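Q: Please give me a close look at one part of this structure, with what surrounds it. I am new to it, so explain each term as you go.

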Amino acid sequence: MILTMKRHAARADSSVPQFKRRVPLDVVQRVRGRIVTFALPAVGREPEQVISLKLGEFAKTSLRTKNLETAKVRAIALASHLETLWESVRQGPAPLSQRQLDGLAREAYLALIAEHGENPGTPEQWEKFKALTRAALEGRIEGAPAIKPSGQNDDEVACELLFGGFTGEDLTAWINTLDANQGEQALVQRVGRLTFFVLDRRGVTVESAAELDLMRRVARAALEAAWALKRRAGGDWRPDPAAERFPTFEAKPKEEGVTLSDLFDRWARETGPAPSTRSTWRGIIDSLTAHVGHGEASRITPENVIGWKDARLASGRAVKTINDSDLACIRALYRWGIANRLVKENPAVGVQVAAKRKAGTAMLPYQDEDVARLLAAAEREPLPYRRWLPMLAALTGARIGELAALWGTSVIEREGVVGINIAPSPDGATLKNAGSERFVPLHPEIIRAGFLDYARTKGHAPLFYGKPARRGSEAKHPSKGTTNHLSTWIRTQGFDNERIAPAHGLRHFWKSAASRAGIADSIADAIQGHSDDRAAARYRHISIAQMKEAIERFPVPVVPAQARASVEGAVIEAPTPTVMPAAG
């Protein structure tokens, strides 16, 4: 059982928050006495802190901060790391290839270089480090101090006791005279802690025979790191050619199991998601893979997903993003994988961030005066996306992404009515769903302002971005950049209420204003591309004439003429606007 702390543990003799968790009963005997080294993450101005703790009935350590928020982040990160360790112990030893063992040795090499590379000390320190490591590796001594993954090593006294005052070639000659049959105890003592540090980071447990083999490889990697650090300590900072001999560690060869990346690629080939979805989901699976230390889909457990979820939350990621994007992505991929017999279980089922909607956090629509100010600001803009997109969004209620992807050929006449044909663009921009494809009549004010003339100048080309997207590209569609630039520009005009989305808030405004204007919800839904799942809605078909009549009744908020003249060229702070109907 894992104890859940309602607040951080505390010691009577310390004001620094402590971490204390019970080691699960099913793994405690297998990890008792093991030393875990972990880097408590940097938070704000507080730097990263490397700590080591010895496991027993509990995992206990200081969180190295007096700031409770920092302590909370560090406690969640450490708890997630330990959950990965418990799970690796439960799964039992993993058979590793020689390449994988050398890949783990590489991580030991890199850990030593990262720890000491900037300030390597003196050549004499590394000479003693090498002497102890070599003697332990060759079985020439019975005991040796452990190599610490962080901090300085305790080699000075050990070298004096074991090797006297020898240095340089004399030290090498002395070690060569020692009996090389004194067992493996010194090897385990010397590099065991560093070896388990590497294994813990990767969430891997190895068989006892492979464990000793790995320690020998780690010892050789430590010797190579010591040679490089000795050269740096003497002023030679050239790249170490020995570093190139190591392979990168992969938890399991790809052919032995489907990876998350494989799962995503196969799902994407079948479903054809939008480039923006590809980009977002690729980042999500990369994050999960980095967190658990491997990408094999069948080995990812609910505990792994929970730990990853907690880490994302601790990093400051929004609850809605974690629930609706991160976890939704993983659940969807595994559902598809189960249906296609690629995996057997979905580790993300039921995993959710507990979130209670708080008062004062729901998104709001723009008010009439906000829209009037925004349209007045847009009217003065020479850039087409700033000039036309706010007006189109405010007077059609369409999604800003749908409008940003329009081409000149999207402006058409149907049944005698001029409007925009919202559909997948010629260069691959997609819509939210099938119900989003529709024809929307243009508001008379948009036509009066000259939008049709502008659209004719573009012809068979995008209205609001430059070069069309390359078909088949996985990059985000260029219209996404347009929407981002528009939102940034709107914020610079003084619309800084975080509860009003800069561009999407216009869609909320349109629905609210349509209701006030007496436009029926069914007609408003048809104009905006909102689906109605009720059975009765399937029998209702809204005509273009009905939509045209509703659009023409939609009121246009405008800033009074005297207010416009007084603030020309500045961000407008206008009085309550006049609401001007477009027709009638």
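A: Here is a walk around one helix, followed by a few places elsewhere in the chain.

This is a predicted model, so local features are described only where pLDDT is at least 70 and side-chain atom pairs count only at pLDDT 80 or more, while totals for chains, interfaces and linings use all residues. Residues are numbered from 1 along each chain as its sequence is written, and side-chain values use heavy atoms, leaving out hydrogens and water.

First, the setting. The chain has 22 helices and nine strands; these are DSSP runs numbered from the N terminus, with helices being H or I runs of at least four residues and strands E runs of at least two. Of the 584 residues, 47% count as buried, where buried means under 20% relative accessible area, exposed means over 50% and partly exposed lies in between, using a 1.4 Å probe and protein chains only. Among contacts between residues at least 6 apart in sequence, 70% join residues at least 24 apart; a contact means heavy atoms within 4.5 Å.

Now to our helix, H19, which covers residues 505–516. Its 12 residues should span 16 Å at 1.5 Å a residue, and the end C-alpha atoms are 17 Å apart, which agrees. The expected span here is 1.5 Å times one less than the number of residues. Which residues of H19 are buried? They are Gly505, Leu506, Arg507, Phe509, Trp510, Ala513 and Ala514. As background for reading such a list, an α-helix has 3.6 residues a turn, so residues three or four places apart point the same way.

The buried residues of H19 have plenty of partners. They pack against the helices H13 (368–379), H14 (384–396), H20 (521–528) and H21 (544–553), and against the strands E7 (438–441) and E8 (555–558). Just after H19, Gly518 takes a positive phi of about 85°.

Let us visit some of those neighbours. In helix H13 we find Leu374, which is buried because its relative accessible area is 0%. Apart from neighbours within four places in sequence, Leu374 is in contact with Leu506, and also with Pro390, Trp489, Ile490 and Phe495. Leu506 is one of the buried residues of H19, which ties Leu374 to our helix. Leu374 and Ala394 are 20 residues apart along the chain, and their C-alpha atoms are separated by 9.6 Å.

Leu486 sits in helix H18 (residues 478–492) and is buried, since its relative accessible area is 1%. Leaving out residues up to four places away in sequence, Leu486 touches Tyr385, Arg386, Leu389, Pro390, Ile400 and Ala503. Pro390 therefore appears on the contact list of Leu486 as well as that of Leu374. One of these partners, Tyr385, is 101 residues from Leu486 along the chain, yet their C-alpha atoms are separated by 7.2 Å.

In helix H20 there is Asp525. At 17% relative accessibility, Asp525 counts as buried. Beyond residues up to four places away in sequence, Asp525 touches Lys511 and His530.

For contrast, look at two loops. Arg64 lies between strand E4 (58–62) and H2; it is partly exposed, with a relative accessible area of 40%. Arg341 lies between helix H12 (319–339) and H13, and at 73% relative accessibility it counts as exposed. Neither is a glycine, but Arg64 has a positive phi of about 55° and Arg341 one near 60°.

Helix H2 (residues 68–91) brings us to the largest cavity, as it supplies the largest share of the lining, four residues. A cavity is a set of points, on a 1 Å grid over the protein atoms alone, where a 1.4 Å probe fits but cannot get out, and lining residues have an atom within 4 Å of a point. The whole structure has three cavities of 30 Å³ or more, and the largest holds about 70 Å³. Its lining includes Thr84, Glu87, Ser88 and Gln91, along with His294 and Arg299.

Technical notes. On a 1 Å grid over the protein atoms alone, a cavity is a set of points where a 1.4 Å probe fits but cannot get out, and a pocket is an open set with protein on both sides within 12 Å along at least five of seven lines; lining residues have an atom within 4 Å of a point. Grid points are joined across faces, edges and corners, and a volume is the space filled by probe spheres set on the points.
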